[in-house]
Amino acid sequence: MQVQPRQFISFDGSTRLKGFESKPENYRYLKDLSDAPKNVDAQQTALISRGAGLSYTAASFGEDVCSIDHAQFDRILSFDKENKCIEVEAGISLGKLYDFLIEHGLFLATQPGHPRITVGGCVAPDIHGKNQFMDGTCINQVESLKLFHPSHGIIELSPEQNPELFRLTCGGYGLTGNIISCKLKLKSIPSDMANVTLRPIACIEDLPKMLRESADKADFIFSWHDFNIRGKDFGKGFIQEGRFIANASIGEKTSIRKKAAEQSLNAETRGSLPFPIFNSISVAAMNALYGAKGNSGSSFQLSLFDSIFPIQNVKELYFKFFGAAGFHEYQAIIPESNFGQYIEGVRHALQKRNLPITLASAKLFAGKQDLLRFTGDGICFAMNFPRGQEADELMKELDRLLVNCKGAPNIIKDSRLSKEIVAATYPEYEHFRTLLHQFDPKRIYRSELSERLGL
Ligand SMILES: Cc1cc2nc3c(=O)[nH]c(=O)nc-3n(C[C@H](O)[C@H](O)[C@H](O)COP(=O)(O)OP(=O)(O)OC[C@H]3O[C@@H](n4cnc5c(N)ncnc54)[C@H](O)[C@@H]3O)c2cc1C
(Lines give C-alpha, C1' and ligand atoms only; values in the text may rest on other atoms or scores of the structure.)
Protein backbone atom coordinates (compact mmCIF):
# COMPACT_ATOMS: atom_id res chain seq x y z
CA MET A 1 0.00 0.00 0.00
CA GLN A 2 1.52 3.30 -1.09
CA VAL A 3 1.52 6.02 1.54
CA GLN A 4 2.41 9.69 1.02
CA PRO A 5 2.89 12.40 3.65
CA ARG A 6 0.17 15.02 3.45
CA GLN A 7 -0.94 18.19 5.18
CA PHE A 8 -4.69 18.09 5.94
CA ILE A 9 -7.07 20.90 6.78
CA SER A 10 -10.58 20.63 8.14
CA PHE A 11 -13.42 22.15 6.09
CA ASP A 12 -14.17 24.74 8.78
CA GLY A 13 -10.56 25.98 8.55
CA SER A 14 -9.80 25.26 12.21
CA THR A 15 -7.42 22.30 12.11
CA ARG A 16 -4.23 21.75 10.08
CA LEU A 17 -2.28 18.58 10.71
CA LYS A 18 0.45 16.53 9.11
CA GLY A 19 -0.46 12.95 8.47
CA PHE A 20 -0.25 10.41 5.69
CA GLU A 21 -2.54 9.50 2.85
CA SER A 22 -3.06 6.31 0.93
CA LYS A 23 -5.22 6.19 -2.20
CA PRO A 24 -5.69 2.47 -2.87
CA GLU A 25 -7.04 1.50 -6.25
CA ASN A 26 -7.99 -2.07 -5.48
CA TYR A 27 -8.76 -4.30 -2.52
CA ARG A 28 -5.18 -5.57 -2.17
CA TYR A 29 -4.81 -2.81 0.40
CA LEU A 30 -6.94 -4.84 2.81
CA LYS A 31 -4.32 -7.60 2.78
CA ASP A 32 -1.55 -5.04 3.31
CA LEU A 33 -3.43 -3.67 6.31
CA SER A 34 -4.11 -7.17 7.67
CA ASP A 35 -0.40 -7.98 7.55
CA ALA A 36 1.03 -4.68 8.81
CA PRO A 37 -0.44 -3.92 12.22
CA LYS A 38 0.23 -7.41 13.59
CA ASN A 39 3.93 -6.65 13.61
CA VAL A 40 4.10 -3.05 14.71
CA ASP A 41 2.93 -0.85 17.49
CA ALA A 42 -0.59 0.54 17.04
CA GLN A 43 0.66 4.10 17.58
CA GLN A 44 2.72 3.89 14.40
CA THR A 45 -0.01 2.40 12.30
CA ALA A 46 -3.01 4.51 13.26
CA LEU A 47 -5.50 4.51 10.40
CA ILE A 48 -8.71 6.31 9.50
CA SER A 49 -11.03 6.16 6.48
CA ARG A 50 -11.68 9.22 4.39
CA GLY A 51 -14.59 10.02 2.08
CA ALA A 52 -14.76 13.44 0.39
CA GLY A 53 -13.06 15.12 3.37
CA LEU A 54 -16.01 17.55 3.65
CA SER A 55 -16.59 17.14 7.37
CA TYR A 56 -16.25 20.45 9.15
CA THR A 57 -14.10 18.68 11.78
CA ALA A 58 -10.87 16.67 11.49
CA ALA A 59 -12.78 13.39 11.48
CA SER A 60 -10.98 11.76 8.56
CA PHE A 61 -7.39 12.65 9.47
CA GLY A 62 -5.14 13.07 12.48
CA GLU A 63 -1.55 13.84 13.48
CA ASP A 64 0.66 11.08 11.97
CA VAL A 65 -2.45 9.07 11.12
CA CYS A 66 -2.74 7.38 7.72
CA SER A 67 -5.99 8.42 6.00
CA ILE A 68 -7.30 5.86 3.56
CA ASP A 69 -9.07 7.58 0.70
CA HIS A 70 -12.07 5.61 -0.59
CA ALA A 71 -12.51 7.69 -3.77
CA GLN A 72 -11.62 4.79 -6.09
CA PHE A 73 -14.29 2.58 -4.56
CA ASP A 74 -17.39 4.13 -6.02
CA ARG A 75 -19.14 1.32 -7.89
CA ILE A 76 -22.73 0.14 -7.75
CA LEU A 77 -22.47 -3.54 -6.83
CA SER A 78 -26.08 -4.67 -7.13
CA PHE A 79 -29.50 -3.14 -7.62
CA ASP A 80 -32.88 -4.67 -6.81
CA LYS A 81 -35.50 -2.27 -8.13
CA GLU A 82 -38.43 -4.36 -7.02
CA ASN A 83 -37.28 -4.55 -3.41
CA LYS A 84 -35.90 -1.01 -3.49
CA CYS A 85 -32.39 -1.91 -2.41
CA ILE A 86 -28.95 -1.01 -3.76
CA GLU A 87 -25.49 -2.16 -2.74
CA VAL A 88 -22.69 0.34 -3.30
CA GLU A 89 -19.04 0.76 -2.46
CA ALA A 90 -18.58 3.26 0.35
CA GLY A 91 -16.68 5.83 -1.72
CA ILE A 92 -19.59 6.54 -4.07
CA SER A 93 -20.76 10.14 -3.95
CA LEU A 94 -24.38 11.06 -3.28
CA GLY A 95 -24.45 12.93 -6.61
CA LYS A 96 -23.47 9.81 -8.57
CA LEU A 97 -25.97 7.70 -6.66
CA TYR A 98 -28.75 10.25 -7.18
CA ASP A 99 -28.00 10.28 -10.89
CA PHE A 100 -28.47 6.51 -11.12
CA LEU A 101 -31.53 6.21 -8.87
CA ILE A 102 -33.55 9.06 -10.30
CA GLU A 103 -33.81 7.20 -13.62
CA HIS A 104 -35.64 4.46 -11.69
CA GLY A 105 -37.94 6.78 -9.70
CA LEU A 106 -36.06 6.05 -6.48
CA PHE A 107 -33.91 7.99 -4.05
CA LEU A 108 -32.13 7.83 -0.70
CA ALA A 109 -34.44 9.34 1.88
CA THR A 110 -31.73 10.68 4.18
CA GLN A 111 -29.01 12.80 2.63
CA PRO A 112 -26.88 15.74 3.80
CA GLY A 113 -26.60 18.92 1.76
CA HIS A 114 -23.77 18.33 -0.72
CA PRO A 115 -23.56 15.91 -3.67
CA ARG A 116 -19.79 15.28 -3.26
CA ILE A 117 -20.35 13.71 0.18
CA THR A 118 -19.82 9.93 0.09
CA VAL A 119 -21.97 7.07 1.38
CA GLY A 120 -19.17 6.06 3.83
CA GLY A 121 -19.10 9.68 5.02
CA CYS A 122 -22.87 9.50 5.66
CA VAL A 123 -22.94 6.15 7.46
CA ALA A 124 -19.91 6.67 9.73
CA PRO A 125 -21.22 9.84 11.45
CA ASP A 126 -24.86 8.78 10.97
CA ILE A 127 -25.83 12.00 9.23
CA HIS A 128 -29.37 13.43 8.98
CA GLY A 129 -31.37 15.20 6.29
CA LYS A 130 -34.25 17.66 6.24
CA ASN A 131 -36.73 14.88 7.02
CA GLN A 132 -35.24 13.51 10.24
CA PHE A 133 -38.62 13.77 12.02
CA MET A 134 -40.00 11.23 9.53
CA ASP A 135 -37.12 9.06 8.30
CA GLY A 136 -34.66 9.26 11.20
CA THR A 137 -30.92 9.30 10.62
CA CYS A 138 -28.76 7.46 8.09
CA ILE A 139 -28.66 4.20 10.09
CA ASN A 140 -32.35 3.67 9.29
CA GLN A 141 -31.62 3.32 5.58
CA VAL A 142 -28.70 0.88 6.01
CA GLU A 143 -29.90 -2.68 5.51
CA SER A 144 -26.41 -4.11 6.03
CA LEU A 145 -22.78 -3.23 5.49
CA LYS A 146 -19.35 -4.83 5.16
CA LEU A 147 -16.73 -3.61 7.59
CA PHE A 148 -13.00 -4.34 7.44
CA HIS A 149 -10.72 -4.27 10.45
CA PRO A 150 -7.13 -5.64 10.34
CA SER A 151 -7.70 -7.74 13.48
CA HIS A 152 -11.12 -9.09 12.46
CA GLY A 153 -11.08 -9.25 8.65
CA ILE A 154 -14.29 -8.47 6.76
CA ILE A 155 -17.43 -8.63 8.89
CA GLU A 156 -21.03 -8.38 7.73
CA LEU A 157 -23.13 -6.10 9.94
CA SER A 158 -26.85 -5.45 10.07
CA PRO A 159 -29.55 -4.90 12.72
CA GLU A 160 -29.77 -8.72 12.90
CA GLN A 161 -26.14 -9.75 12.30
CA ASN A 162 -23.64 -8.33 14.84
CA PRO A 163 -26.21 -5.72 15.89
CA GLU A 164 -24.04 -4.07 18.54
CA LEU A 165 -21.15 -3.57 16.13
CA PHE A 166 -23.64 -2.33 13.52
CA ARG A 167 -24.81 0.37 15.95
CA LEU A 168 -21.22 1.17 16.89
CA THR A 169 -20.22 1.55 13.23
CA CYS A 170 -23.22 3.61 12.02
CA GLY A 171 -22.36 6.65 14.11
CA GLY A 172 -18.87 5.41 15.04
CA TYR A 173 -16.97 8.17 13.16
CA GLY A 174 -14.87 5.64 11.23
CA LEU A 175 -13.32 4.25 14.43
CA THR A 176 -14.39 0.62 14.00
CA GLY A 177 -12.62 0.20 10.63
CA ASN A 178 -13.16 0.69 6.91
CA ILE A 179 -16.72 0.47 5.65
CA ILE A 180 -16.25 -1.35 2.36
CA SER A 181 -19.79 -1.46 1.02
CA CYS A 182 -23.36 -0.79 2.13
CA LYS A 183 -26.76 -2.17 1.19
CA LEU A 184 -29.13 0.77 1.29
CA LYS A 185 -32.91 0.87 1.45
CA LEU A 186 -34.48 3.18 -1.11
CA LYS A 187 -37.72 5.12 -1.36
CA SER A 188 -39.94 5.70 -4.35
CA ILE A 189 -40.56 9.25 -5.40
CA PRO A 190 -43.60 10.35 -7.35
CA SER A 191 -41.44 12.66 -9.52
CA ASP A 192 -38.17 14.55 -9.23
CA MET A 193 -39.95 17.83 -8.53
CA ALA A 194 -41.08 19.27 -5.22
CA ASN A 195 -43.46 22.03 -4.31
CA VAL A 196 -42.03 24.39 -1.71
CA THR A 197 -44.10 26.71 0.48
CA LEU A 198 -42.64 29.41 2.70
CA ARG A 199 -44.45 30.12 5.98
CA PRO A 200 -43.37 33.31 7.74
CA ILE A 201 -42.36 33.07 11.43
CA ALA A 202 -42.91 36.31 13.30
CA CYS A 203 -41.86 35.04 16.70
CA ILE A 204 -39.13 32.45 17.16
CA GLU A 205 -40.72 31.09 20.35
CA ASP A 206 -43.49 29.72 18.08
CA LEU A 207 -41.01 27.66 16.08
CA PRO A 208 -41.55 24.20 17.72
CA LYS A 209 -45.32 24.44 17.28
CA MET A 210 -45.00 25.64 13.68
CA LEU A 211 -42.49 22.91 12.78
CA ARG A 212 -44.91 20.30 14.13
CA GLU A 213 -47.77 21.72 12.05
CA SER A 214 -45.54 21.66 8.96
CA ALA A 215 -44.39 18.11 9.69
CA ASP A 216 -47.96 16.88 9.37
CA LYS A 217 -48.16 17.92 5.74
CA ALA A 218 -44.61 18.09 4.35
CA ASP A 219 -41.97 15.62 3.14
CA PHE A 220 -39.09 17.82 4.29
CA ILE A 221 -38.89 20.98 6.37
CA PHE A 222 -36.38 23.41 7.75
CA SER A 223 -36.52 26.96 9.01
CA TRP A 224 -34.39 30.04 8.40
CA HIS A 225 -34.00 32.90 10.91
CA ASP A 226 -32.39 36.30 11.11
CA PHE A 227 -30.29 36.38 14.31
CA ASN A 228 -28.68 39.72 13.50
CA ILE A 229 -31.76 41.79 14.34
CA ARG A 230 -31.99 43.02 17.91
CA GLY A 231 -35.27 43.58 19.79
CA LYS A 232 -38.65 41.95 19.23
CA ASP A 233 -37.88 40.84 15.66
CA PHE A 234 -34.89 38.75 16.76
CA GLY A 235 -35.14 35.37 15.07
CA LYS A 236 -37.94 36.16 12.64
CA GLY A 237 -37.80 34.12 9.46
CA PHE A 238 -39.70 31.38 7.68
CA ILE A 239 -40.29 27.67 7.46
CA GLN A 240 -39.61 26.02 4.12
CA GLU A 241 -42.05 23.14 3.60
CA GLY A 242 -41.30 20.77 0.74
CA ARG A 243 -43.66 18.24 -0.73
CA PHE A 244 -43.08 15.85 -3.61
CA ILE A 245 -45.39 16.49 -6.53
CA ALA A 246 -47.18 13.43 -7.87
CA ASN A 247 -47.02 12.94 -11.64
CA ALA A 248 -45.15 16.19 -12.27
CA SER A 249 -43.22 16.22 -15.49
CA ILE A 250 -39.56 15.83 -14.73
CA GLY A 251 -37.97 19.23 -14.59
CA GLU A 252 -34.99 20.47 -16.57
CA LYS A 253 -32.90 17.39 -17.24
CA THR A 254 -29.62 18.32 -15.65
CA SER A 255 -26.76 15.91 -15.89
CA ILE A 256 -26.41 15.48 -12.17
CA ARG A 257 -23.07 13.75 -12.42
CA LYS A 258 -21.67 16.63 -14.43
CA LYS A 259 -23.21 19.17 -12.10
CA ALA A 260 -21.74 17.40 -9.07
CA ALA A 261 -18.33 16.97 -10.68
CA GLU A 262 -18.17 20.66 -11.47
CA GLN A 263 -18.47 21.58 -7.82
CA SER A 264 -15.04 22.54 -6.61
CA LEU A 265 -16.00 22.59 -2.94
CA ASN A 266 -13.24 21.11 -0.80
CA ALA A 267 -11.45 21.96 2.41
CA GLU A 268 -8.42 23.47 0.63
CA THR A 269 -10.25 25.75 -1.84
CA ARG A 270 -12.82 26.80 0.75
CA GLY A 271 -10.22 28.96 2.52
CA SER A 272 -8.74 30.51 -0.62
CA LEU A 273 -9.80 34.09 0.23
CA PRO A 274 -7.21 35.55 2.63
CA PHE A 275 -9.82 37.69 4.42
CA PRO A 276 -13.55 37.22 5.14
CA ILE A 277 -16.28 38.94 3.13
CA PHE A 278 -18.73 38.38 5.98
CA ASN A 279 -19.02 41.17 8.53
CA SER A 280 -21.91 42.82 10.38
CA ILE A 281 -22.83 45.03 7.42
CA SER A 282 -22.63 42.43 4.62
CA VAL A 283 -24.46 39.81 6.70
CA ALA A 284 -27.25 42.25 7.67
CA ALA A 285 -27.73 43.08 3.97
CA MET A 286 -27.63 39.41 2.93
CA ASN A 287 -30.18 38.45 5.58
CA ALA A 288 -32.51 41.33 4.73
CA LEU A 289 -32.54 40.15 1.10
CA TYR A 290 -32.92 36.46 1.92
CA GLY A 291 -35.44 37.05 4.70
CA ALA A 292 -37.69 39.13 2.41
CA LYS A 293 -38.49 36.07 0.30
CA GLY A 294 -40.21 34.44 3.26
CA ASN A 295 -42.51 37.37 4.06
CA SER A 296 -44.76 36.73 1.11
CA GLY A 297 -45.71 33.17 2.10
CA SER A 298 -44.93 32.22 -1.48
CA SER A 299 -44.92 28.79 -3.14
CA PHE A 300 -42.67 27.58 -5.95
CA GLN A 301 -41.47 24.41 -7.64
CA LEU A 302 -37.96 23.09 -7.21
CA SER A 303 -36.16 20.06 -8.60
CA LEU A 304 -35.55 17.33 -6.05
CA PHE A 305 -31.79 17.70 -6.62
CA ASP A 306 -31.94 21.37 -5.64
CA SER A 307 -34.15 20.53 -2.63
CA ILE A 308 -31.65 18.00 -1.27
CA PHE A 309 -28.50 19.90 -2.25
CA PRO A 310 -29.71 23.52 -2.16
CA ILE A 311 -28.21 26.34 -4.19
CA GLN A 312 -24.92 24.66 -4.99
CA ASN A 313 -23.08 27.54 -6.61
CA VAL A 314 -24.20 30.01 -3.97
CA LYS A 315 -23.17 27.55 -1.27
CA GLU A 316 -19.64 27.30 -2.67
CA LEU A 317 -19.36 31.09 -2.36
CA TYR A 318 -21.08 31.08 1.02
CA PHE A 319 -18.35 28.92 2.55
CA LYS A 320 -15.56 30.78 0.73
CA PHE A 321 -16.79 34.11 2.09
CA PHE A 322 -15.58 33.11 5.57
CA GLY A 323 -12.03 33.43 4.23
CA ALA A 324 -8.97 31.51 5.38
CA ALA A 325 -9.83 31.90 9.08
CA GLY A 326 -12.92 29.76 8.57
CA PHE A 327 -16.20 29.38 10.39
CA HIS A 328 -17.98 27.69 13.28
CA GLU A 329 -21.17 25.72 13.17
CA TYR A 330 -22.98 25.26 16.47
CA GLN A 331 -25.61 22.62 15.85
CA ALA A 332 -27.50 21.04 18.73
CA ILE A 333 -30.67 19.11 19.51
CA ILE A 334 -32.67 20.87 22.22
CA PRO A 335 -35.63 19.19 23.92
CA GLU A 336 -38.78 21.03 22.89
CA SER A 337 -39.65 21.85 26.52
CA ASN A 338 -36.34 23.73 26.91
CA PHE A 339 -36.36 25.46 23.52
CA GLY A 340 -37.59 28.80 24.97
CA GLN A 341 -34.80 28.76 27.57
CA TYR A 342 -32.21 27.93 24.88
CA ILE A 343 -33.31 30.73 22.55
CA GLU A 344 -33.38 33.22 25.41
CA GLY A 345 -29.82 32.19 26.30
CA VAL A 346 -28.68 32.54 22.68
CA ARG A 347 -30.35 35.95 22.39
CA HIS A 348 -28.58 37.09 25.58
CA ALA A 349 -25.20 35.71 24.39
CA LEU A 350 -25.48 37.44 21.01
CA GLN A 351 -26.59 40.78 22.43
CA LYS A 352 -23.24 41.13 24.20
CA ARG A 353 -21.28 40.59 21.01
CA ASN A 354 -20.93 42.12 17.60
CA LEU A 355 -20.74 38.82 15.76
CA PRO A 356 -22.46 38.33 12.39
CA ILE A 357 -24.63 35.20 12.38
CA THR A 358 -24.51 34.06 8.77
CA LEU A 359 -27.01 31.23 9.24
CA ALA A 360 -29.59 30.30 11.87
CA SER A 361 -31.72 27.35 10.91
CA ALA A 362 -33.77 24.58 12.53
CA LYS A 363 -35.06 21.11 11.73
CA LEU A 364 -37.51 18.94 13.61
CA PHE A 365 -35.96 15.81 15.14
CA ALA A 366 -37.48 12.64 16.54
CA GLY A 367 -35.90 9.51 18.00
CA LYS A 368 -33.94 8.12 20.89
CA GLN A 369 -30.36 9.09 21.59
CA ASP A 370 -28.04 6.09 21.38
CA LEU A 371 -24.24 5.86 21.79
CA LEU A 372 -22.73 8.93 20.08
CA ARG A 373 -25.35 9.27 17.37
CA PHE A 374 -26.69 12.78 16.83
CA THR A 375 -30.35 12.03 17.25
CA GLY A 376 -33.19 12.43 19.74
CA ASP A 377 -36.50 14.21 20.21
CA GLY A 378 -36.39 17.97 19.88
CA ILE A 379 -35.44 20.94 17.75
CA CYS A 380 -32.15 20.68 15.91
CA PHE A 381 -30.82 24.23 15.77
CA ALA A 382 -27.75 25.36 13.81
CA MET A 383 -25.85 28.64 13.71
CA ASN A 384 -22.87 29.63 11.54
CA PHE A 385 -20.49 32.50 12.25
CA PRO A 386 -16.89 33.48 11.41
CA ARG A 387 -14.07 32.17 13.62
CA GLY A 388 -12.27 34.55 15.97
CA GLN A 389 -11.93 35.38 19.64
CA GLU A 390 -15.51 36.56 20.09
CA ALA A 391 -16.74 33.40 18.41
CA ASP A 392 -14.61 31.23 20.75
CA GLU A 393 -16.20 32.91 23.77
CA LEU A 394 -19.67 32.52 22.29
CA MET A 395 -19.08 28.79 21.69
CA LYS A 396 -18.09 28.28 25.33
CA GLU A 397 -21.20 30.13 26.49
CA LEU A 398 -23.34 28.00 24.17
CA ASP A 399 -21.74 24.83 25.60
CA ARG A 400 -22.82 25.84 29.12
CA LEU A 401 -26.28 26.78 27.91
CA LEU A 402 -26.66 23.47 26.11
CA VAL A 403 -25.74 21.45 29.19
CA ASN A 404 -28.31 23.46 31.22
CA CYS A 405 -30.96 22.87 28.55
CA LYS A 406 -30.17 19.12 28.41
CA GLY A 407 -29.31 19.34 24.72
CA ALA A 408 -26.67 17.54 22.66
CA PRO A 409 -24.13 19.05 20.23
CA ASN A 410 -23.33 17.64 16.77
CA ILE A 411 -19.91 16.01 17.07
CA ILE A 412 -19.20 15.92 13.31
CA LYS A 413 -19.81 19.67 12.94
CA ASP A 414 -17.80 21.18 15.83
CA SER A 415 -13.99 21.09 15.79
CA ARG A 416 -13.45 22.32 19.30
CA LEU A 417 -15.94 20.23 21.26
CA SER A 418 -14.27 18.85 24.37
CA LYS A 419 -14.46 15.39 25.87
CA GLU A 420 -16.10 16.94 28.96
CA ILE A 421 -18.97 18.51 26.99
CA VAL A 422 -19.57 15.36 24.96
CA ALA A 423 -19.51 13.21 28.11
CA ALA A 424 -21.95 15.63 29.80
CA THR A 425 -24.40 15.69 26.88
CA TYR A 426 -24.22 12.11 25.60
CA PRO A 427 -25.22 9.76 28.46
CA GLU A 428 -23.76 6.77 26.58
CA TYR A 429 -20.32 8.34 26.01
CA GLU A 430 -18.59 5.85 28.36
CA HIS A 431 -20.54 2.93 26.94
CA PHE A 432 -19.46 3.87 23.39
CA ARG A 433 -15.84 4.07 24.57
CA THR A 434 -16.04 0.69 26.31
CA LEU A 435 -17.56 -1.03 23.27
CA LEU A 436 -14.95 0.51 20.98
CA HIS A 437 -12.05 -0.61 23.20
CA GLN A 438 -13.52 -4.10 23.50
CA PHE A 439 -13.73 -4.42 19.73
CA ASP A 440 -10.35 -2.82 19.03
CA PRO A 441 -8.12 -2.96 22.15
CA LYS A 442 -5.14 -1.65 20.12
CA ARG A 443 -7.23 1.31 18.97
CA ILE A 444 -5.88 1.16 15.42
CA TYR A 445 -8.42 3.60 13.97
CA ARG A 446 -7.91 7.15 15.22
CA SER A 447 -8.45 10.73 14.13
CA GLU A 448 -8.00 14.18 15.60
CA LEU A 449 -11.70 13.94 16.57
CA SER A 450 -11.25 10.65 18.44
CA GLU A 451 -8.11 11.88 20.23
CA ARG A 452 -9.76 15.16 21.26
CA LEU A 453 -12.80 13.31 22.62
CA GLY A 454 -10.70 10.74 24.48
CA LEU A 455 -12.11 7.84 22.49
C1 LIG B 1 -22.26 21.68 2.32
C2 LIG B 1 -22.42 20.68 3.42
C3 LIG B 1 -23.70 20.36 3.84
C4 LIG B 1 -23.89 19.41 4.87
N5 LIG B 1 -25.16 19.11 5.26
C6 LIG B 1 -25.35 18.20 6.24
C7 LIG B 1 -26.66 17.81 6.64
O8 LIG B 1 -27.67 18.31 6.12
N9 LIG B 1 -26.79 16.86 7.61
C10 LIG B 1 -25.69 16.27 8.19
O11 LIG B 1 -25.87 15.40 9.07
N12 LIG B 1 -24.44 16.61 7.82
C13 LIG B 1 -24.25 17.56 6.88
N14 LIG B 1 -22.98 17.89 6.50
C15 LIG B 1 -21.86 17.18 7.14
C16 LIG B 1 -21.46 15.98 6.30
O17 LIG B 1 -22.61 15.22 5.95
C18 LIG B 1 -20.56 15.02 7.07
O19 LIG B 1 -19.50 15.69 7.65
C20 LIG B 1 -20.07 13.86 6.21
O21 LIG B 1 -19.40 12.95 7.05
C22 LIG B 1 -19.08 14.28 5.11
O23 LIG B 1 -18.83 13.13 4.28
P24 LIG B 1 -17.45 12.92 3.55
O25 LIG B 1 -17.70 11.94 2.45
O26 LIG B 1 -16.85 14.21 3.18
O27 LIG B 1 -16.61 12.18 4.68
P28 LIG B 1 -15.26 12.60 5.44
O29 LIG B 1 -15.39 13.99 5.91
O30 LIG B 1 -14.11 12.26 4.61
O31 LIG B 1 -15.36 11.60 6.69
C32 LIG B 1 -16.34 11.77 7.66
C33 LIG B 1 -16.30 10.63 8.67
O34 LIG B 1 -16.70 9.43 8.02
C35 LIG B 1 -15.69 8.45 8.14
N36 LIG B 1 -15.68 7.68 6.90
C37 LIG B 1 -15.73 8.14 5.62
N38 LIG B 1 -15.71 7.10 4.75
C39 LIG B 1 -15.63 5.98 5.50
C40 LIG B 1 -15.54 4.59 5.20
N41 LIG B 1 -15.54 4.14 3.96
N42 LIG B 1 -15.44 3.72 6.23
C43 LIG B 1 -15.45 4.13 7.52
N44 LIG B 1 -15.54 5.44 7.86
C45 LIG B 1 -15.63 6.34 6.87
C46 LIG B 1 -14.41 9.21 8.38
O47 LIG B 1 -13.45 8.43 9.06
C48 LIG B 1 -14.91 10.36 9.23
O49 LIG B 1 -15.04 9.97 10.57
C50 LIG B 1 -22.75 18.80 5.48
C51 LIG B 1 -21.47 19.13 5.05
C52 LIG B 1 -21.30 20.07 4.04
C53 LIG B 1 -19.90 20.42 3.59
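The exercises below work through a predicted model of one protein chain with its ligand, and each task is followed by a solution in steps.

**Exercise 1. The chain as a whole**

Task: Find out how many helices and strands the chain has, and decide whether the chain is as compact as a globular protein of its length or less compact.

Solution. Begin with the secondary structure, which comes to 16 helices and 19 strands. Next, compare two values for the radius of gyration: that of the chain is 21 Å, and the globule rule gives 23 Å for 455 residues. Because the two values are close, the chain is as compact as a globular protein of that length. As a further step, consider the extent of the C-alpha trace, which spans about 65 × 50 × 40 Å along its principal axes. Finally, turn to burial, for which the cut-off is a relative accessible area under 20%; of the 455 residues of the chain, 58% count as buried.

**Exercise 2. The surroundings of the ligand**

Task: Describe which residues and elements surround the ligand, and explain why the ligand lies between two domains.

Solution. Start with the number of residues around the ligand, which is 34, the closest being Ser49, Leu54, Ser55, Thr118 and Gly121. Sorted by character, the residues of this shell divide into 16 nonpolar, 15 polar and three charged. The next step is to ask which elements contribute: strand S3 (47-50), helix H3 (119-123) and strand S10 (178-185) each supply at least two residues of the shell, and S3 gives the most, with three residues. For the last step, look at the domains, where both domain 1 (76-189) and domain 2 (193-416) give residues to the shell, so the ligand lies between them.

**Exercise 3. Backbone atoms beside the ligand**

Task: Identify what distances separate the backbone of Gly51, Ala52 and Gly53 from oxygen atoms of the ligand, and then state how much of the ligand the protein buries.

Solution. Take the residues in sequence order. A backbone N or O atom of Gly51 is found 2.7 Å from a ligand oxygen. For Ala52, a polar backbone atom and an oxygen atom of the ligand are 2.9 Å apart, and for Gly53 the distance from a backbone N or O atom to a ligand oxygen is 2.9 Å. Turning to the ligand surface, one finds that the ligand taken alone exposes 970 Å², of which the protein buries 98%.

**Exercise 4. Positive phi angles in loops**

Task: For Asp126 and Tyr173, work out where each residue lies, what its phi angle is, and whether it is buried or exposed.

Solution. First locate Asp126, which lies in the loop between H3 and helix H4 (132-135). Its phi is near 50 degrees, which is a positive value in a residue other than glycine. The relative accessible area of Asp126 is 1%, so this residue is buried. Then repeat the steps for Tyr173, which belongs to the loop between helix H5 (163-169) and S10. The phi of Tyr173 is near 55 degrees, again a positive value in a residue that is not glycine, and Tyr173 counts as buried because its relative accessibility is 4%.

**Exercise 5. Contacts of two buried side chains**

Task: Determine which polar contacts are made by the side chains of Ser10 and His149, after placing both residues in the chain.

Solution. Ser10 is placed in the loop between strand S1 (4-9) and strand S2 (16-22), and with a relative accessibility of 1% it counts as buried. Its side chain is joined to the side chain of Asp12 by a polar contact of 2.7 Å. His149, by contrast, is in strand S8 (residues 142-149), and its relative accessible area of 0% means that it is buried. Two partners can now be listed for His149: a polar atom of its side chain lies 3.0 Å from the backbone nitrogen of Ser151, and its side chain also makes a polar contact of 3.4 Å with the side chain of Asp440.

**Exercise 6. Separation in sequence and in space**

Task: State how far Ser67 is from Ser447 and Phe385 from Ala424, both along the chain and in space.

Solution. Ser67 is part of strand S4 (residues 66-69), and it counts as buried because its relative accessibility is 0%. Along the chain, Ser67 and Ser447 are 380 residues apart, while their C-alpha atoms are separated by 8.8 Å. Phe385 is in strand S18 (residues 378-386), and at 0% relative accessibility it counts as buried. Phe385 and Ala424 are 39 residues apart in sequence, and the C-alpha to C-alpha distance is 24 Å.

Methods. Residues numbered from 1 in each chain as written. Predicted model: local features only at pLDDT ≥ 70, side-chain atom pairs only at ≥ 80, totals over all residues. Heavy atoms only, no water. Near = heavy atom within 4 Å. Polar contact = N/O pair within 3.5 Å; in protein donor to acceptor, adjacent residues only side chain to side chain. Areas by Shrake-Rupley, 256 points an atom, 1.4 Å probe, with all protein chains shown as cover. Helix = DSSP H or I, 4+ residues; strand = E, 2+ residues; numbered from the N terminus. Nonpolar A, V, L, I, M, F, W, Y, C, P; charged D, E, K, R; others polar. Domains from an automatic or database assignment. Buried < 20%, exposed > 50% of the residue type's maximum accessible area, 1.4 Å probe, protein only. Rg over C-alpha atoms; globule rule 2.2 N^0.38 Å.
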